[in-house]
Amino acid sequence: MYPRTTAPTDRTTETSGRAKRIFSGSAWGILAKTLDALAKFVTIPMLVGFYGRADYGLIALAFSLNAYLRLMDLGFNVGAVRYFSMWTASGEWSKIGDVSRSSIVFYGIIGLVNAFIFLGMSAYGQQLFNLTEAQVPLYRQIMYILACSTVLNWLSSVVIQLLSAKDELGYVNRVTVISSVLNFLVALLAIQMQWALITYFIYYTLSTLVPIPFYIARLRVFPVARKSLLTPRWHGQAFKEILTYSLAIFVMGLFQLTANNLRPLLLGKFADGTEVLTDYRVIQTIAMLIVAFGGVFMQVLLPSASKAYAEGNQERIARMIFEATKYISVFLGFMVFVLILNAEDILLLYMGEGYGHLSIWLSIWLLTVLLSMHNTPVASLVLSTGRTRFLVYSSAVACIVSLPITVIFAGTLQVGAAVVGYLVYMVLQIGFFYVYYIPKVLHLDGRRLFARAFLPAAIGGGLALLVSQYITTKLVFPDGYGTVIANTIIFTLVYGLYLLVFVVKPADIRQLKKTLMEKGKGNA
């Protein structure tokens, strides 16, 4: 054993290494999500123009169905990453192998059930959604393709969970870049070679499966053979430990996924035709860029939060949550308010005339996302505690209150009904966090966290937006991209100045640079 006197140095090195891995995973995750969003941003208007709003709405419908059925995960993804991270820290490789092999069985069964659901739904397109006679054959073929691909997608979840626990999210996100590039190329080929809609959807689906072999190859970072991690074999006792924790996450996730992914399905049922799903997909693609960044932070922070909670250092936990919330709010605040500032111009450039009216709904959606995503560090720590019962209650209440809004206003507000429903859902959810979880479970100062970590960045973004709008009205810029570029430059300068004066002090910059940029040792 090492002498006791080396412990502080080891702990410091480990903390520094963990910070750098968080930074690396976040940076690559943001790059991957940015490229994916840019690929969608460029290709969606081309695909809508080529296939038409109504038929492209079928693909939007397929994405929503596929996303909603992710609830069959039963919350196991969060539970697996939590426990795999703790077992990795303690070197319990045999337990990891037992649970991983059981997970292959578990996810294989879910994939097969998922496939049968798609096959069953293929027969009831007109009864479930407002489809025309001509759209029914296309809808059925899309369901068949989803049924064929879903098993592999579900099984890949196990590999990603293992790599997440081993702090390999930087690698996972680098490989994801390959898939984003392929998605982009497939869309370009579809238009250039005038593929049928189904041909495009087949190649798109195949491009999403390309990263799986790369993920499997990376499992060599584990000190056990890959067959010991991936060969299907049921170990009920080991698996039960994660499943018990995960079921609470599942119930919570059931309401979250229902609130988020049932909204476009409700639009497809109660709004006027599948064209509204194309409108939804357009603003969702832009807003989901921010959601994706929040998802990256959650994905990276969960393993570290689990380890920090296991160590029980309340002071370090409080500091980690405060700093993470502050910097995430600064970054997402910049992204959100830049997009709001340019919302109408982006939609006109993105989709052309006839979509500018969506700017108000896009702006409301972006503000809602900023409110929800600033809570990512807190949510990661809450999941690490395992005390998730109240999350189930809050998710259920928010879901039950918000979903009828989409149904009631779908006929009048169209896509706006889904946006307003999402706003109500997130306000209720964040309210529950600040009223209960932050003060009573995490024992943190919620008022300080909101007022000093989140609010300064949000206020700064709003002020910079107003100043930028005022300046741009006094100047003349070329229409189109020239306006967007000018708006963005002005906003960046104003927002950056505000941050340097009121939010990020020189000492913060020096500390951030020291933590993330210095060459690490040991575990780094």
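These notebook entries record what I looked up in this predicted model.

**Entry 1: surface patch.** I looked first for nonpolar side chains at the surface. Val42, Met46, Val181, Leu185 and Leu188 make up a nonpolar patch there, and their accessible area together is about 350 Å². I then asked which helices supply at least two residues each to this patch. They are helix H1 (7–51) and helix H7 (169–192). H7 gives the most, with 3 residues. I checked Val42, which lies in H1. Its relative accessibility is 37%, so I noted Val42 as partly exposed, since that class lies between 20% and 50%.

**Entry 2: nonpolar core.** I turned next to the interior. The largest nonpolar core contains 148 residues, and Ile142, Tyr200, Leu267 and Ile283 have the most contacts inside it. Helix H13 (residues 314–341) provides the largest share of this core, 14 residues. I followed one of the four further and listed the contacts of Ile283. Leaving aside residues up to four places away in sequence, Ile283 touches Leu347, Leu358, Trp361, Leu362, Trp365, Val415 and Val419.

**Entry 3: backbone angles.** I searched for positive phi values outside glycine. Most residues other than glycine have a negative phi. Gln414 has a positive phi of about 55 degrees, and I placed Gln414 in the loop between helix H17 (389–413) and helix H18 (415–441). His443 also has a positive phi, of about 55 degrees. I found His443 in the loop between H18 and helix H19 (446–474). Is His443 buried or exposed? With a relative accessible area of 56%, His443 is exposed, because the class begins over 50%.

Note on methods
Residues are numbered from 1 along each chain as its sequence is written. This is a predicted model: local features need pLDDT of at least 70, side-chain atom pairs count only at pLDDT 80 or more; totals for chains, interfaces and linings use all residues. Side-chain values use heavy atoms; hydrogens and water are left out. Patches are made of residues with over 30% relative accessible area and no salt bridge: like charges are joined within 9 Å, nonpolar side chains (Val, Leu, Ile, Met, Phe, Trp, Tyr) within 5 Å. Accessible areas come from the Shrake-Rupley method with a 1.4 Å probe; for residues, only the protein chains shown count as cover. A salt bridge is a side-chain nitrogen of Lys or Arg within 4 Å of a carboxyl oxygen of Asp or Glu. Helices (H or I, at least four residues) and strands (E, at least two) are DSSP runs, numbered from the N terminus. Buried means under 20% relative accessible area, exposed over 50%, partly exposed in between (1.4 Å probe, protein chains only). A nonpolar core is a set of buried Ala, Val, Leu, Ile, Met, Phe, Trp, Tyr and Cys residues joined through side-chain atoms within 4.5 Å. Contact means heavy atoms within 4.5 Å.
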